[in-house]
Amino acid sequence: MHLLQPLRRLSDAVNQAAIVMCVGCVLIMLGISFTAFLYKLATGSTLSWTYSLARLFLPWIGFLSMTISLRYGEHVAMTLLVRSLPRVLLKAAAGACLAVIALFALMLVWYGWSYFQGATQVYMVSDQIQIPSKFTAIVIPLSGVIILLHLVQGFDLLEHFIDDETQLDELIKANEGEKRS
């Protein structure tokens, strides 16, 4: 149990880094697109490389966003069905769900690493800009490792275990505490 707390803090720190990375990728994509727009306004011609370069950030945004949404419990879930189960079956379903998530993450790492090692192509964005395909391929096993790390959060990843009554009581108490201060 003492090992879980530092791993949970590491999971939270990695999640914050993933958020910063996603925001950075979106800002870079916007910057590239805005540069193309300004160039078109100023010269009347287009830059051929902007679309090709900007789309290289999409895998990073997609895969890292997947890990972020998992950490916050914003993944696809059948909450109504699961909450109608008896407590014993609810725990079994949650355990099975975590096992499937772990299997998915392991497959991302296993097959993603093979894909990364075999990625030998170079994206020809333009004559001068060439990006190795390893740049986009590494995000696959990396996201699998992040998902595996997030599994230390346990049942907190699954929204089925959030007790709405308890959460509302905590919010009310916190709100009352702020009014008194």
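This passage describes the fold, the aromatic contacts and two contrasting kinds of site in a predicted model. Residues are numbered from 1 along each chain as its sequence is written. In this predicted model, local features need pLDDT of at least 70 and side-chain atom pairs count only at pLDDT 80 or more, while totals for chains, interfaces and linings use all residues; side-chain values use heavy atoms, with hydrogens and water left out.

The overall layout comes first. The protein has 8 helices and 2 strands, where helices (H or I, at least four residues) and strands (E, at least two) are DSSP runs numbered from the N terminus. Along the sequence these elements follow the pattern α-α-α-α-α-β-β-α-α-α. Of the 181 residues, 31% are buried; buried means under 20% relative accessible area, exposed means over 50%, and partly exposed lies in between (1.4 Å probe, protein chains only). Among contacts with a separation of 6 or more, 78% are between residues 24 or more positions apart, a contact being heavy atoms within 4.5 Å. The exposed area of the protein is about 11900 Å², and carbon and sulfur atoms supply 68% of it; accessible areas come from the Shrake-Rupley method with a 1.4 Å probe, and for residues only the protein chains shown count as cover.

The aromatic side chains deserve a closer look. A pair of aromatic rings is described by the distance of the centres and the angle of the planes. Rings of Phe, Tyr and Trp (its six-membered ring) pair if their centres lie within 6.5 Å, with planes under 30 degrees apart counted as stacked, over 60 as edge-to-face and the rest as tilted. By this rule there are 4 aromatic pairs. In one of them, phenylalanine 57 and phenylalanine 135 meet edge-to-face, at 5.9 Å centre to centre and 85 degrees between the planes. Phenylalanine 57 belongs to the loop between helix H2 (50-54) and helix H3 (58-71), and phenylalanine 135 to helix H6 (residues 134-137), so this pair links parts of the chain 78 residues apart. Phenylalanine 57 is buried at 11% relative accessibility, whereas phenylalanine 135 is partly exposed at 32%. Tryptophan 60 also pairs with phenylalanine 135: the centres are 5.9 Å apart and the planes stand at 45 degrees, so the pair is tilted. Because tryptophan 60 lies in helix H3 and phenylalanine 135 in helix H6, this pair ties together parts that are 75 residues apart in sequence. Tryptophan 60 is buried, with a relative accessible area of 8%. Together, Phe57, Trp60 and Phe135 form one aromatic cluster.

Helix H1 (residues 4-43) offers a buried and an exposed site. Asparagine 15 lies in this helix and is buried at 2% relative accessibility. Beyond its neighbours within four places in sequence, asparagine 15 contacts Thr67, Ile68, Arg71, Tyr72 and His150. Leucine 27, also in helix H1, is exposed with a relative accessible area of 54%.

Leucine 157 sits in the loop between helix H7 (139-150) and helix H8 (164-180), and at 0% relative accessibility this leucine is buried. Neighbours within four places aside, leucine 157 is in contact with Leu70, Arg71, Gly73, His75, Leu98, His150 and Leu151. Leucine 157 and serine 69 are 88 residues apart in sequence, yet 9.4 Å apart in space, C-alpha to C-alpha.
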